[in-house]
Amino acid sequence: MKIVVLGGGLAGIAFTYEASRLGYNVVIVEKENSLGGLLRSENINGYMFDTGGSHILFSRDKQRMRFFSRLLGDNVVRHRRDARVYFEGKFIKYPFENGLYMLSPEFRYRALRDLVHRYIKYKCGSQENVTNFEEWIYATFGETIAESYLIPYNRKLWKRDLREISPEWGGNRVPNPPLDDILRSAVGIETEGYIHQLNFIYPRSGGIQGLVDAFETRLRKRSNVEIMLGQRGESIDTSEKIIELSGGEVIRYDRLVSSIPLPEIIRLARLKKSPLLDYNSLIVVGIGVKEKRLPRYHWVYFPDRETPFHRVAFLSNYSPFMAPRNGASILAEITVYPGERVDPEQVVQKTIEGLESVGLVKQGNIEVARAWFWKYGYVVYNKAYTESVSRVKSELRRVGIVPIGRFGLWAYLNMDDVVFSSFEAAHSIR
């Protein structure tokens, strides 16, 4: 059986790894000249940047973590998370509600009061009917935490009215802390939240692309794997099981697997369009700075209106091999509304000014600055999300296309879920 996989990002690579191990003949078709998708890394004058944004490896499942550790071998570093939220000029421990002890007694009192009120309502059976993400935030965290951090941060990230976003996004992605943790934090006892992300691993060298390289090294040793780079799918005839590529070549398949974004596979296969598949684009800005005295944080969230970025990662704190000696690699992420025109140079300059305004860099110490644009950065869980995605997946099943990965499934999956759901897809091929 010949399986063709469209897209050589993490999902496509993971599927190919497992399907070829099971004995199938697999062809990966990737439009770029290298594998990796959002997991590509680039070295600029000794500064290494993960061009698709900050990515780390963590999981609730110890077996999954053992797999990643074995895959990376000696090329791995292990960390205990130190993430922060920039709030009122301070770097507050993340998750924000676990960092309440770092805030004023008055703020802690208001946050705790609101949460207790919400908890009493819940226990008394008078909980509000939650119909959107904004209502979910208020119902879960209370007014103080919602209005101080979660609502401004998510408005900045999504570029939308949060009432237009489904509440299932909150349940899937936003840390939902036990009341006991918040009580401890409010009275000054340090606690940890989002525990399954507390410990993570990362490639020692090569950036996050080190993970891709580990997969690719194994794939290239397998005679039943073919990797076609620099080839874009132009059209798919699902009745004849034929794909026409950008180079003019035509390839046949027995099974077709797609990790490319749903709107793109709909176009290639000439399926009925779904205008309600919403997303944000992403600009990633890499800054190489000659400065070693930076905070030891791994990443920081920025809910304020003054800075353009929603998250900043210090990649040289992930691994010392991400920057030259006495230098640091910094990554800033900025979401963009689909179709919005942006000037990369202007974005870079505003990012530098934002980093300088919060005391993280001095413009005179910057040695490298570069921006990367990604059309598909984040899937947006609008209110039509469940129905729209279900309809498209049903259509794909009808024509024999198997979707995988974050954008193929149109779901916000962590890296471990991307890999292991792709493994499961390989086992389900018949």
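Lys-375 is partly exposed, with a relative accessible area of 42%; partly exposed covers the range between buried (under 20% relative accessible area) and exposed (over 50%), using a 1.4 Å probe and protein chains only. The model is predicted, so to speak of a local feature a pLDDT of at least 70 is needed, side-chain atom pairs count only at pLDDT 80 or more, and totals for chains, interfaces and linings use all residues. Residues are numbered from 1 along each chain as its sequence is written, and side-chain values use heavy atoms, leaving out hydrogens and water.

## Salt bridges

The side chain of Lys-375 meets that of Glu-264 in a salt bridge at 3.6 Å, N to O. The term stands for a side-chain nitrogen of Lys or Arg within 4 Å of a carboxyl oxygen of Asp or Glu. This pair links distant parts of the chain, with Lys-375 in strand E18 and Glu-264 in helix H8, 111 residues apart. Helices (H or I, at least four residues) and strands (E, at least two) are DSSP runs numbered from the N terminus. Unlike its partly exposed partner, Glu-264 counts as buried because its relative accessibility is 18%.

How many salt bridges does the structure hold? There are 25. Here are three of them.

| Pair | Closest N to O distance | Burial |
|---|---|---|
| Lys-375 and Glu-264 | 3.6 Å | Lys-375 partly exposed, 42%; Glu-264 buried, 18% |
| Arg-40 and Glu-30 | 3.3 Å | both buried |
| Arg-391 and Glu-387 | 3.0 Å | Arg-391 partly exposed, 44%; Glu-387 exposed, 56% |

Arg-40 and Glu-30 form a salt bridge between their side chains. Arg-40 sits in the loop between E2 and strand E3 (41-44), while Glu-30 belongs to strand E2, 10 residues away.

Arg-391 and Glu-387 are separated by about one helical turn, because they are four residues apart in helix H11 (residues 385-398). Elsewhere, salt bridges that share partners tie Arg-80, Arg-81, Lys-93, Glu-190 and Glu-192 into one network.

## Two covered strands

Now to the strands. Strand E17 (residues 328-336) has nine of its nine residues buried, so the rest of the structure largely encloses it. In a regular strand the side chains alternate between the two faces of the sheet. On one side of E17 are Ala-328, Ile-330, Ala-332, Ile-334 and Val-336, and on the other Ser-329, Leu-331, Glu-333 and Thr-335, all of them buried.

Which strands pair with E17? Strand E14 (residues 278-289) runs antiparallel to E17 and is joined to it by nine bridges, and strand E16 (residues 311-314), also antiparallel, is joined to E17 by four. Two strands count as paired if DSSP finds at least two bridges between them. Ser-281 stands opposite Val-336 of E17, and Val-312 stands opposite Ala-332 of E17.

Val-285 is placed in strand E14, and it counts as buried because its relative accessibility is 0%. The C-alpha atoms of Val-285 and Asp-50 are 9.7 Å apart, although 235 residues separate the two along the chain.

Strand E6 (residues 83-87) is mostly covered, with five of its five residues buried. Ala-83, Val-85 and Phe-87 point one way, and Arg-84 and Tyr-86 the other. Three bridges join E6 to the parallel strand E15 (residues 299-301), where Trp-299 is the bridge partner of Ala-83. E6 also pairs with strand E7 (residues 90-93) in the antiparallel sense over four bridges, and Val-85 stands opposite Ile-92 of E7. The hairpin of E6 and E7 has two residues between its strands, and Glu-88 there takes a positive phi near 50°.

## The largest pocket

The largest pocket has a volume of about 860 Å³. Of its 37 lining residues, the closest to the centre are Gly-37, Ser-259, Ile-260, Pro-261 and Phe-407. On a 1 Å grid over the protein atoms alone, a pocket is an open set of points with protein on both sides within 12 Å along at least five of seven lines, and a lining residue has an atom within 4 Å of a point. Grid points are joined across faces, edges and corners, and the volume is the space filled by probe spheres set on them. Among the elements that each supply at least two lining residues are helix H1 (10-21), helix H8 (262-268) and strand E18 (366-380).

How values were computed. 1 Å grid on protein atoms, 1.4 Å probe; cavity = no way out; pocket = protein on both sides within 12 Å on 5 of 7 lines; lining within 4 Å.
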